[in-house]
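Open the model in your viewer and keep the sequence panel beside it. The tour moves from single residues to the whole chain.

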Amino acid sequence: MPHSANDIDELDEDLKSKSEIKREMHRLQDFGQKLVEMSKHQRSRLPLSEDLKYAMIVADKIKNKHEALRRHIRHIAKILLETDMEPIHHALEVMANKHQQETAKHVRLEKMRDDIIEHGDEAVETLLAEFQSLERQKLRQLARHAAKEQKTEKSDKYKKELFAYLKEHTKNQ
């Protein structure tokens with residue numbers, strides 16, 4: 001029993017309204033649905049509790065039974081309510097960020113390739129200073145062939161070969 005007005009205020013802050021509880025459960029159900037829709041390989045990289053792993057296995061078995069899956073996702077939401085969500089969210093962010101990093105690296109390599117084709121030896125020398133694993137002769141040869149190919153509007157064989165060479169020799173940096 002609260003003894004002062006201050007104690008009553010503290011109790012009010014701790015209590016959630018029925019609507020807030022429902023909104024939180026809906027968010028957890030949506031998150032559970034997202035987990036169920038992920039591939040098994042993606043889920044294996046998440047730090048899930050044993051109960052949650054078992055619930056995912058059951059969900060995979062009942063995916064084609066709509067009403068059973070809906071009830072099971074509610075069960076998953078209850079498990080998630082008791083689970084620390086921070087490690088799971090962090091792992092999902094890392095997975096999403098890894099894809100963005102790969103895309104950015106791909107764009108950077110395409111820009112390097114295009115600079116080499118456009119600027120020739122000047123761009124080659126700049127790259128050689130940055131990446132010691134590249135071979136000057138091979139890079140110049142590929143650049144010449146790719147530039148010639150681009151002028152004659154033939155296939156992009158050497159352009160692709162130059163890209164693959166850059167990708168192979170700059171992957172650790």
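In which helix is M95 found? Select M95 and show its side chain: the residue is found in helix α6. This is a predicted model, and the values below are computed from it.

**Stop 1: M95**

Is M95 buried or exposed? M95 counts as buried because its relative accessibility is 17%, and the cut-off for buried is under 20%. Now display the residues around M95. Leaving aside neighbours within four places in sequence, M95 is in contact with M38, Q42, R45 and L46. For a distance across the model, pick the C-alpha atoms of M95 and H169. These two residues are 74 residues apart along the chain, and their C-alpha atoms are separated by 25 Å.

**Stop 2: I88**

Stay in helix α6 and select I88, which is also found there. I88 has a relative accessible area of 0%, so it is buried. Which residues are in contact with I88, leaving aside neighbours within four places in sequence? They are F31, L46, P47, L48, L52 and T83. Draw a line from I88 to P47, C-alpha to C-alpha. The pair is 5.9 Å apart in space and 41 residues apart in sequence.

**Stop 3: L81**

Next select L81, in helix α5. L81 counts as partly exposed because its relative accessibility is 46%, and partly exposed lies between 20% and 50%. With neighbours within four places in sequence left aside, L81 is in contact with E24, M25 and L28. Add Q29 to the selection. The C-alpha atoms of L81 and Q29 are separated by 9.9 Å, with their positions 52 residues apart along the chain.

**Stop 4: the nonpolar cores**

Clear the selection and pick L46, L52, I76 and L80. Of the 24 residues in the largest nonpolar core, these four touch the most other members. To see where this core comes from, colour α2 (18-37), α4 (50-61), α5 (66-81) and α6 (86-119), each of which supplies at least two of its residues. Which helix gives the largest share of this core? That helix is α5, with 6 residues.

Keep I76 selected and show what surrounds it. Beyond neighbours within four places in sequence, I76 is in contact with G32, V36, L52, A55, M56 and A59. Another core lies apart from the largest one; it has 19 residues, including A123, L134, A147 and Y165. In soluble globular proteins, nonpolar side chains tend to be buried together.

**Stop 5: the whole chain**

Switch to a cartoon view. The protein has 9 helices and 0 strands. Zoom out until the whole trace fits the window. The C-alpha trace spans about 85 × 45 × 30 Å along its principal axes. The radius of gyration of the protein is 27 Å, whereas a compact globule of 173 residues would have one near 16 Å.

Show the surface. About 12,700 Å² is accessible, and 50% of that belongs to carbon and sulfur atoms. Of the 173 residues, 30% count as buried. Colour by charge to finish: the protein has 34 positive and 33 negative charges, and their mean positions are 9 Å apart. If you list contacts between residues at least 6 apart in sequence, 58% of them join residues at least 24 apart.

Definitions and conventions. Residues numbered from 1 in each chain as written. Predicted model: local features only at pLDDT ≥ 70, side-chain atom pairs only at ≥ 80, totals over all residues. Heavy atoms only, no water. Helix = DSSP H or I, 4+ residues; strand = E, 2+ residues; numbered from the N terminus. Rg over C-alpha atoms; globule rule 2.2 N^0.38 Å. Buried < 20%, exposed > 50% of the residue type's maximum accessible area, 1.4 Å probe, protein only. Contact = heavy atoms within 4.5 Å. Areas by Shrake-Rupley, 256 points an atom, 1.4 Å probe, with all protein chains shown as cover. Lys, Arg positive; Asp, Glu negative; His and termini not counted. Charge placed at Lys NZ, Arg CZ, Asp CG, Glu CD. Core = buried A, V, L, I, M, F, W, Y, C linked by side-chain atoms within 4.5 Å.
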